[in-house]
Amino acid sequence: MVSVADLKPGQKGIVKDFNDEYISLKLLEMGVLPGTEIEMKFAAPLGDPICIRVTGYDLSLRLEEARTISLSEA
Amino acid sequence: MSQDTINIALVGNPNAGKTSMFNQLTGLNQKVGNFPGVTMDKVSGAFTYKGKEINVVDLPGTYSIYPRTMDERVVFDVLSDPEASDFPDVIVAILDASNLERNLLLFSQVKDLGIPTILALNMLDAANKAGLNIDISALEKEFDTKVVTINGRTGEGLDRLKKQIVSVKKQKSECFYDINSFCPGLIPIIKDRFNIDNDYVAYQYAQQTESKSYLSVEEMQFIADAKVEHNFCDRQYQTKETVDRYNLIREKLAKVVTKSDEELGRSFANKLDKVLTHKVYGYAIFLLVLFLLFQAIFSWAEPFMDLIDTTFAKLSSGVSQFLPEGILTNLIVEGIIPGLGGVVIFIPQIALLFCFIAILEESGYMARAVFLTDKIMRKFGLNGKSIVPLISGVACAIPAVMATRNIESWKDRIITIFVTPFMSCSARLPVYAILIALVVPNEYVFGFLHLQGLALMALYLVGFLGAILSALAMQKILKVNERSYFIMELPVYRWPKWNNVGTTIYSKSKTFVFEAGKVILGISVILWFLASYGVGDEFNNPDKYVQQENPELVVGSKEYEDVLVSYKLEHSFAGVMGKAIEPAIRPLGYDWKIGIALITSFAAREVFVGTIATIYSVGADAEDEATIKEKLRAEINPYTGQPMYSLALGVSLMIFYAFAMQCMSTLAVVKRETKSWKWPILQLFYMSGAAYVFAFISYQLLK
């Protein structure tokens with residue numbers, strides 16, 4: 001299963017679902033919905049957290065949280 | 001709604017320009033109060049328009065009506081309690097036009113609460129620059145609301161907004177999203193029990209039962225029972241509601257927003273991000289920012305602090321000449337004025353620090369600094385957002401503790417507040433300076449490493465280690481039901497708005513002076529009393545004893561007066577206390593004289609130098625370090641016959657000052673920020689305990 005944490009900078013993906021209900025609530029509010037396109041922008045110098053582009057703005061999150069967002073196979 | 005006053009509440013996403021708008025509306029006519037039950041400050045203000053008094057409450061920035069942090073709870077609290085005096089007649093939702101979709105989620109939820117809501121559309125220029133064209137009348141139609149376009153930076157549209165506020169009418173508008181499909185049985189029950197006429201408010205009673213501060217235990221139990229009975233599943237409903245709302249919003253937005261050229265003008269921000277979060281440049285720039293911050297706090301603030309210092313000293317002596325001699329004059333001259341000075345002296349550092357922080361926040365850089373350091377800080381149970389308070393702590397723990405507010409996670413925030421005072425603040429510097437000069441040789445090793453400089457650096461390091469190791473320990477001990485996560489918007493880069501920076505400096509300094517100032521002043525007066533009064537013949541007739549013990553001194557001479565003052569201090573309440581604690585501090589190598597200094601240092605650490613000067617009869621005003629050092633060097637330990645200020649004692653004392661919680665101002669601020677005495681008291685015992693243990697170990701090892 002591919003998650004947001006697996007994306008390389010510049011790669012895009014479509015959100016499929018979440019595997020952590022608590023974190024998904026926060027992510028949903030931030031506009032990360034199933035069906036939304038996500039672009040991995042860059043990672044912090046130590047590899048974590050990362051910055052993704054979602055519905056027109058930049059969102060940063062830790063890899064731990066990025067792993068809970070699974071992507072549909074392109 | 002009474003005729004002449006209108007209450008409005010500002011809601012909106014973080015970074016949507018809510019604070020700018022609030023400042024534009026109210027100017028400096030703001031006051032800081034408390035929301036019940038949370039640490040969040042309640043910032044409110046007022047203005048008049050067309051003869052109406054309009055009260056504005058600025059609610060914390062949030063992405064949805066469901067609270068994710070303790071502070072966000074106030075949003076629904078304020079918007080759902082019609083009994084409260086500040087219950088809004090009108091809600092003004094500030095929306096960032098360049099990010100309409102996400103901003104509309106909160107708007108749609110707030111609107112469904114049934115309070116007349118105005119949509120204030122901000123940052124239209126940024127949206128246009130990004131290639132978004134927004135059809136305002138379509139927006140009004142699709143979302144069934146009045147839209148006012150505003151510009152929080154220039155104040156454009158302010159008048160239209162005010163006009164809209166006073167002319168808004170209470171009318172039933174159709175709800176945006178009907179939640180009755182979730183749990184149709186429960187909503188009428190809650191509506192009936194709590195006399196609510198809005199479905200969504202009733203539904204939120206069920207969703208947010210625990211966080212509502214004004215419900216009684218019995219009322220909460222009622223809701224909890226009803227929820228079980230009707231099989232209410234909070235999170236599933238919440239998920240479905242959010243997804244459905246977003247889908248509705250997207251559907252409607254398709255008729256409102258047209259994109260011309262996607263992501264135009266983003267290239268600059270992308271380039272900037274590349275540099276600012278780069279492996280090498282990113283950290284280099286971060287260190288440069290830190291360096292500037294230190295410069296500001298230490299160098300730029302110094303002339304102002306010196307000025308304040310001399311002004312208060314002059315004020316004291318001026319007033320003492322003007323007033324008749326007596327207890328009251330002494331209280332004013334030696335207690336109240338220096339106490340006030342002790343408060344005011346911190347203002348330059350606090351103002352500069354918050355100036356820096358406000359600029360970094362406003363420009364969007366702070367989020368990048370947090371992004372850069374999160375992984376490192378996480379290892380120690382902290383959060384990227386802890387970096388600001390820890391750095392600020394090197395200047396002064398007071399503003400540093402105040403700067404923890406933007407840490408959402410309660411646990412991370414408490415840990416940060418708890419460990420920040422370990423950072424070597426500027427008040428420790430005079431103490432370190434004199435002790436290092438006393439016990440560390442003024443020599444170079446290998447020709448270039450200055451021993452005294454190394455010692456000072458080591459002390460800063462000790463403080464930093466104390467902070468992060470305590471954080472590590474607390475992370476293990478502290479049990480909270482709050483899962484911490486790090487999901488943070490990286491806002492677009494913007495030029496800071498100076499008006500906002502100025503308002504921040506003003507309101508933070510004001511809060512500090514009035515909140516912390518009260519306690520600092522109070523304890524200063526108590527300490528003055530302890531050091532100036534005593535019982536017994538020795539205190540009341542010191543001349544007799546001093547003349548007996550020092551027959552060679554000429555009565556009335558400078559030396560005589562110094563010895564007299566020292567003798568009085570020895571027999572004052574503070575002196576008695578110093579002697580009383582001597583058995584406890586002897587294992588650390590201290591005598592009662594140092595004991596007195598430890599007690600008076602509780603007002604502020606730098607008082608150590610002045611007290612030591614008084615005890616060794618240097619004359620309290622003679623802050624001549626050379627004289628103090630000479631006196632200290634000549635002091636003989638009565639038990640060993642060796643010099644009192646040996647390396648062992650010096651190190652023990654420095655370690656003690658590095659760790660001990662001897663700053664009542666910090667304790668006062670921690671109490672204010674955590675809204676409980678629990679944390680400051682724990683901090684006092686934990687830090688002072690650590691100070692005692694480590695001072696003991698270092699003295700016994702080096703003795």
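What share of the contacts in chain A with a separation of 6 or more is accounted for by residues 24 or more positions apart? Keep the question in mind while you open the structure, which is a predicted model.

**Stop 1: chain A**

Select chain A and colour by secondary structure. There are two helices and five strands. Walking from the N terminus, you pass the elements in the order β-α-β-β-β-α-β. The answer to the opening question is 54%: that is the part of the contacts in chain A with a separation of 6 or more that residues 24 or more positions apart make up.

Now show the C-alpha trace alone. Along its principal axes the trace of chain A spans about 30 × 25 × 25 Å. The radius of gyration is 11 Å, close to the 11 Å from the globule rule for 74 residues, so chain A is as compact as a globular protein of that length. Of these 74 residues, 47% are buried.

**Stop 2: the side of chain B that touches chain A**

Keep chain A on screen and add chain B. Here 28 residues of chain A are in contact with 29 residues of chain B. To find the chain B side, select these elements, each of which gives two or more residues to it:

- α3, residues 100-111 of chain B
- α10, residues 234-253 of chain B
- α12, residues 281-322 of chain B
- α15, residues 365-378 of chain B
- β12, residues 487-490 of chain B

Which element supplies the largest share of this side? Highlight α10(B), which contributes six residues. Then colour by residue class: the side of chain B that touches chain A holds 12 nonpolar, seven polar and 10 charged residues.

**Stop 3: strands across the interface**

Select residues 57-61 of chain A, strand β4, together with β12(B). The two strands run antiparallel and are joined by four bridges. Within this pairing, centre on Leu61(A); the residue opposite is Ile487(B), in β12(B).

**Stop 4: Val501(B)**

Leave the interface strands and select residues 498-532 of chain B, helix α21, where Val501(B) is found. Is Val501(B) buried or partly exposed? Burial would take 20 or more other C-beta atoms within 10 Å. Val501(B) has 18 within that distance, so it counts as partly exposed.

Next, display the residues in contact with Val501(B), leaving aside neighbours within four places in sequence: Cys355(B), Ala358(B), Ile359(B), Glu362(B) and Pro496(B). To finish, draw a distance from the C-alpha atom of Val501(B) to that of Leu360(B). The two residues are 141 residues apart along the chain, and the separation should read 9.9 Å.

How values were computed
Residues numbered from 1 in each chain as written. Chains lettered and ligands numbered in written order. Predicted model: local features only at pLDDT ≥ 70, side-chain atom pairs only at ≥ 80, totals over all residues. Contact = placed C-beta atoms within 7 Å. Nonpolar A, V, L, I, M, F, W, Y, C, P; charged D, E, K, R; others polar. Pairing = 2+ DSSP bridges. Buried ≥ 20, exposed ≤ 12 C-beta atoms within 10 Å, placed from the backbone. Rg over C-alpha atoms; globule rule 2.2 N^0.38 Å.
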